[in-house]
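This report describes internal space, nonpolar cores and aromatic ring pairs in a single protein chain. The sequence and the structure are shown first.

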Amino acid sequence: MKPFYTQVMNWLVPKLNREIDREVDLLNINCIFYVSFCEGIIQLISLLMFCITRRGTFSEMSTIVPFVNVSTSILLCLLGFFIALRFRRRKDIIDKYPKAIKAFCIVYTVLLLLWGMMASVHTYLNHQQIITFYTVELLVVIFFRLRPLVTAILILGSYTAYFFWLNALIPDMIQPYNYFMMAVISAVGVIVNYSLTIKHIEQKNTAIHLNEALEIIANHDSMTRLQNRYALNQQITDYVGVDICLAIGDVDHFKMVNDTYGHLVGDDVLKAFAAILTEHFPKENVYRYGGDEFLIISRTRDYVGFRKKLDLMNEQFSRIVIGGEYSGFSCGFGSLSAHPENTAELLDLILRADKKLYEEKNKRVEK
């Protein structure tokens with residue numbers, strides 16, 4: 001079990017990888033964006049209602065101070081909204097300048113807390129509740145995910161500074177116990193909120209990575225690492241309605257290879273064949289179709305160039321080394337070019353290419 005001090009430091013200053021840290025930065029930017037937008041709308045409505053109800057009394061201090069407070073809030077919301085909007089549109093900034101993102105979030109939080117303190121002074125001097133201050137503190141606790149140590153310092157610091165400020169204005173008005181209980185609860189709240197957010201992100205990322213790994217396993221042949229038939233079924237519509245060149249190839253006399261050299265060598269031969277295929281064609285266009293058969297589907301109408309690649313691969317395959325000597329292995333391909341209009345037509349083309357493969361093999365045997 002970790003020492004208590006270590007656990008506390010892990011809560012206050014957690015070590016995050018860049019992936020999680022980036023998600024937290026983006027979450028803070030989104031929170032500032034939406035909070036600024038919603039708060040700005042509310043404050044704008046409040047300002048309009050205030051101007052209507054206090055018409056003709058703007059020379060009085062009781063009217064000027066609330067007007068300034070609401071106007072300042074609207075300006076602060078506009079600042080946060082447009083800067084956050086800029087970051088949302090340019091997410092590359094979040095990747096390149098993470099410290100600048102964190103600095104903006106901290107500065108905005110500080111400005112928000114200062115505004116909450118100043119906006120509540122007027123109500124406090126009128127012997128009313130400092131609801132605005134508490135609301136801003138609650139806003140920071142619920143929506144912002146700055147590092148727990150930083151947020152806790154800002155929360156406790158703002159409560160402490162405001163306590164001495166208010167006591168300087170009207171001594172003994174605030175009950176210290178209740179006031180500082182709110183401060184402690186708020187500080188604990190930001191720590192718990194941040195920890196739960198990080199745990200949620202970690203669990204989500206683990207699930208995503210696990211799903212990606214399972215998808216790779218399901219879509220790829222475990223030996224050659226090429227895509228399999230299942231992957232082809234998922235992607236088959238990508239080859240419909242376009243010009244394609246298609247080929248099915250296999251290793252000549254592969255059963256004899258297994259019988260002569262053993263299945264381990266046979267596996268190495270298939271791996272070598274797969275490696276040669278992906279040297280000449282993108283990996284996403286090559287599939288292990290079954291056994292020693294491999295399927296190539298290339299989005300091109302250049303059938304002559306496609307055939308030249310197949311011939312070059314056959315020549316290259318004949319030079320692979322088995323047991324320290326050139327193997328002299330050969331491979332065959334059945335190929336064609338077409339423009340399939342639907343999946344049924346494409347599947348029929350694959351069958352035709354497979355048939356051509358064995359026709360060519362039979363011709364070579366007859367010769």
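## Internal cavity

A cavity is a set of grid points where a 1.4 Å probe fits but cannot get out, and a residue counts as lining it if one of its atoms is within 4 Å of a point. The model examined here is predicted. The whole structure holds one cavity of 30 Å³ or more, and the largest cavity encloses about 30 Å³. Its lining consists of Glu39, Ser73, Leu76, Cys77, Leu112 and Trp115.

Two elements, α3 (61-89) and α5 (98-125), each give two or more residues to this lining. The greatest contribution is that of α3, with three residues. By character, the lining of the largest cavity comprises four nonpolar residues, one polar and one charged.

## Nonpolar cores

Nonpolar side chains tend to be buried together in soluble globular proteins. In this model, the largest nonpolar core has 45 residues, and Tyr162 and Tyr179 have the most contacts inside it. Two or more residues come from each of α2 (18-53), α3, α4 (91-96), α5, α6 (131-143), α7 (148-169) and α8 (176-219). The largest share, eleven residues, belongs to α5.

When neighbours within four places in sequence are left aside, Tyr162 is in contact with Gly116, Met117, Ser120, Val121, Ile130, Phe133 and Tyr179. Another core, of 24 residues, lies apart from the largest one; among its members are Ile276, Phe281, Phe329 and Phe333.

## Aromatic pairs

Across the whole structure, 21 aromatic pairs are found. One of them joins Phe33 and Tyr34: the ring centres are 5.0 Å apart and the planes stand at 80 degrees, so the pair is edge-to-face, the cut-off for that class being over 60 degrees. Phe33 is buried, with a relative accessible area of 10%, whereas Tyr34 counts as partly exposed at 46% relative accessibility.

A further pair is formed by Phe163 and Tyr179, with ring centres 5.6 Å apart and planes at 40 degrees, so this pair is tilted. Phe163 belongs to helix α7 and Tyr179 to helix α8; the two are 16 residues apart, and the pair links distant parts of the chain. Both Phe163 and Tyr179 are buried.

## Aromatic cluster

Ring pairs also link residues into a cluster made up of Phe133, Tyr134, Tyr159, Tyr162, Phe163, Phe164, Trp165, Tyr179 and Phe180. Two of these members, Tyr162 and Tyr179, are the residues with the most contacts inside the largest nonpolar core, and Tyr162 is in contact with Phe133 and Tyr179.

Key. Residues are numbered from 1 along each chain as its sequence is written. This is a predicted model: local features need pLDDT of at least 70, side-chain atom pairs count only at pLDDT 80 or more; totals for chains, interfaces and linings use all residues. Side-chain values use heavy atoms; hydrogens and water are left out. On a 1 Å grid over the protein atoms alone, a cavity is a set of points where a 1.4 Å probe fits but cannot get out, and a pocket is an open set with protein on both sides within 12 Å along at least five of seven lines; lining residues have an atom within 4 Å of a point. Grid points are joined across faces, edges and corners, and a volume is the space filled by probe spheres set on the points. Helices (H or I, at least four residues) and strands (E, at least two) are DSSP runs, numbered from the N terminus. Ala, Val, Leu, Ile, Met, Phe, Trp, Tyr, Cys and Pro count as nonpolar, Asp, Glu, Lys and Arg as charged, and the others, Gly among them, as polar. A nonpolar core is a set of buried Ala, Val, Leu, Ile, Met, Phe, Trp, Tyr and Cys residues joined through side-chain atoms within 4.5 Å. Buried means under 20% relative accessible area, exposed over 50%, partly exposed in between (1.4 Å probe, protein chains only). Contact means heavy atoms within 4.5 Å. Rings of Phe, Tyr and Trp (its six-membered ring) pair if their centres lie within 6.5 Å; planes under 30 degrees apart count as stacked, over 60 as edge-to-face and the rest as tilted.
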